[in-house]
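Hi,

Here is the structure I said I would send over. Have a look at it first, and my notes on the spaces and helix contacts follow underneath.

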Amino acid sequence: MFTSTGSNGLYKAPLSKSLLLVPSAISILLTLLFQHYQKFFAYNLQAIKEDFQIWRLVCGRTICLDLKDTFCSSLLIYNFRIFERRYGSRKFSSFLLGAWVLSALFDLLLVEITQYIFGITINSLPSGFLGPVFALFVPFYSSIPRVQVTQALGYFSITNKTLVYILGLQLLTSGSYIWILALSGLVSGICYNSSILKVHRILCVPSWVAKIFSWTLEPIFSSAEPTNEVRVGMGATVDIQRQQRMELLDRQIMMSQVAQMRRQRQQQGGMINWNRLFPPLRHRHNANYQDHHASEQDAPPPTEVSEEQVARLMEMGFSRGDALEALRASNNDLNVATNFLLQH
C-alpha cells in the first residue's frame, strides 16, 4: 500500500535530526582528527565511582567512539523519528531524558550484579547514546503495527519492522559488554512507559525548557515539508520505477473503490456527500459552521475503529483525530480513508 512515511525524511522531527547530525559529526571528528580527546568521552565506570567524575556520565553516554555504533544508532534514530512526529518533540525528548537517566542507574546496577554473581570486574562500557536508543524498542514493539511485506523461503515473514530489529541485533553484537547497555535501555523503556510507576510524571522536560529550545534550536534543525508524490519514470533504477508503478496502481485501485462506493450510493438513491461525512476535517477551524450539531443528531452510532488502522494512518503523518474521523466515515475502509486524507 502507498504510504508517505518513507518520503517524509526528517520533516516534523527536529530533535531526531539534531541527534543524527551533532553526535555523529563529533564522533567522526574524534575518530579522524582529534583522537587525543577521545579519553574525555570514554564511559569509564571506575573514574565515575572512585574519582566521582560525574561529568563522564554525560560525555561517555552521549558520543559514540566506535563508528560502527555511530552508524547503527543513527539509522535506528532515523527509524524511530516516527515517535517524535506522533507525540511531539517535548514528549519525545521527555522519553529520551527519562530513559537516559534510568539507563544510567541500571548500568551501574547491572555492573555490580555481574561482579557479584560472576566475579567479572567491568571498568568501562561502550560509549554513546545507546541506552535511550535501546529503550525506544519498547514503544516500537508495543505501538507500531506489524505489517507483513513478504516471506523468505516460504516460512519466515518479512515485516515492516524486520530491518529495525536487524539493526538492533547488529548494534547488540558490536561489543563485548554492550548487552548491559541494551538490557538497561529496555528495562528503562519499560519503566518509563509503565502506567503503574508513573515515571513520566517525574522525569519530563518542563514546558518552559521546551519553549526555549523551540525558539532557539528548532529553526536550525527543522526540515521543509517534502513533496509526497513522484512521477512515474523518474526513478534512478528499474526497481524504483517498478515500485513507483506499483504505487500508482495502488492509488488507481483506491480511486476505483471510491467510484464503486459512489455508484452504490447512487443506486440507493443518493450521492456521497464528503462534506457530510467529514465535517470535523473540512470545517474544524470554521466557527460559522452551524449544521454540525444537527448532523450529529441524525447520524447513526459511530463505527468501531481498529487501533491498528489508526496507527497506520498516523505513521503516514496524519493526526489521530483526522484518522479516526476518516475511518469512521469510510466504514473502517483503510484504502478509502487514506485516499480522502491524501486529497483533502
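**The second largest pocket**

Sorted by class, the residues around the second largest pocket come out as 18 nonpolar, five polar and two charged. Please keep in mind that this is a predicted model. The pocket has a volume of about 800 Å³, and 25 residues form its lining. If you want to find its centre on screen, go to Leu15, Ser18, Ser93, Phe213 and Leu217, which lie nearest to it.

Which helices supply at least two residues each to that lining? They are α1 (14–32), α6 (89–118), α11 (207–216) and α12 (218–221). Of the elements involved, α1 gives the most, with seven residues.

**Where α1 meets α6**

Two of the helices around that pocket also pack against each other. The axes of α1 and α6 are 9 Å apart, at an angle of about 45°. That angle makes α1 oblique to α6. On the α1 side the contact is made by Pro14, Leu15, Ser16 and Leu19, and on the α6 side by Ser89, Phe92, Ser93 and Leu96. Five of these residues are nonpolar and three are polar, with no charged ones. Leu15 and Ser93 take part in this contact, and both are also on the list of residues nearest the pocket centre.

**Two closed cavities**

There are also two cavities of 30 Å³ or more. The largest cavity holds about 90 Å³ of space. Its lining is made up of Leu19, Pro23, Ser24, Ser27, Thr62, Ile63, Cys64, Thr70, Ser73, Ser74, Ile77 and Phe129. Helices α1 and α4 (67–79) each bring at least two residues to it. How does this lining divide by class? There are six nonpolar and six polar residues, and no charged ones. Leu19 is worth a second look, as it lines this cavity and is also part of the α1 contact with α6.

The second largest cavity comes to about 40 Å³. Around it you will find Tyr43, Arg61, Trp100, Asp107, Pro126, Gly128, Phe129, Leu130, Gly131, Pro132 and Leu181. Here α6 and α7 (130–135) each supply at least two residues, and α7 gives the most, with three. By class, that is seven nonpolar, two polar and two charged residues. Phe129 belongs to the lining of the largest cavity and to the lining of the second largest one.

**Where α6 meets α10**

Now follow α6 to another partner, α10 (residues 178–193). Their axes come within 7 Å and cross at roughly 130°, so α6 and α10 are oblique to each other. The crossing of α6 past α10 is right-handed. From α6, the contact uses Ser94, Phe95, Gly98, Ala99, Leu102, Ser103, Phe106, Asp107, Leu110, Val111 and Thr114. From α10, the contact uses Trp179, Ile180, Leu181, Leu183, Ser184, Gly185, Val187, Ser188, Gly189, Cys191, Tyr192 and Asn193. These residues divide into 13 nonpolar, nine polar and one charged. Asp107 and Leu181 are in this contact and also help line the second largest cavity.

**Where α4 meets α9**

One more pair to pull up on screen is α4 with α9 (residues 162–172). Are these helices roughly parallel or roughly antiparallel? Their axes come within 9 Å and cross at roughly 150°. That makes them roughly antiparallel, because angles over 145 degrees are counted that way. In this pair α4 passes α9 in a left-handed crossing. Asp69, Cys72, Leu75, Leu76 and Asn79 of α4 meet Val164, Leu167, Gly168, Gln170 and Leu171 of α9. By class, the contact has six nonpolar, three polar and one charged residues. As noted above, α4 also supplies at least two residues to the lining of the largest cavity.

If you only have a minute, start at Leu15 and Ser93 by the centre of the pocket, then go on to Phe129, one of the residues lining the largest cavity.

Cheers

Methods:
Residues numbered from 1 in each chain as written. Predicted model: local features only at pLDDT ≥ 70, side-chain atom pairs only at ≥ 80, totals over all residues. Heavy atoms only, no water. 1 Å grid on protein atoms, 1.4 Å probe; cavity = no way out; pocket = protein on both sides within 12 Å on 5 of 7 lines; lining within 4 Å. Points joined across faces, edges and corners; volume = space filled by probe spheres on them. Helix = DSSP H or I, 4+ residues; strand = E, 2+ residues; numbered from the N terminus. Nonpolar A, V, L, I, M, F, W, Y, C, P; charged D, E, K, R; others polar. Axes fitted to C-alpha atoms, helices over the stretch in contact; angles between N-to-C directions. Parallel < 35°, antiparallel > 145°, perpendicular 65-115°, else oblique. Left-handed = near helix turned anticlockwise from the far one by under 90°. Contact = heavy atoms within 4.5 Å.
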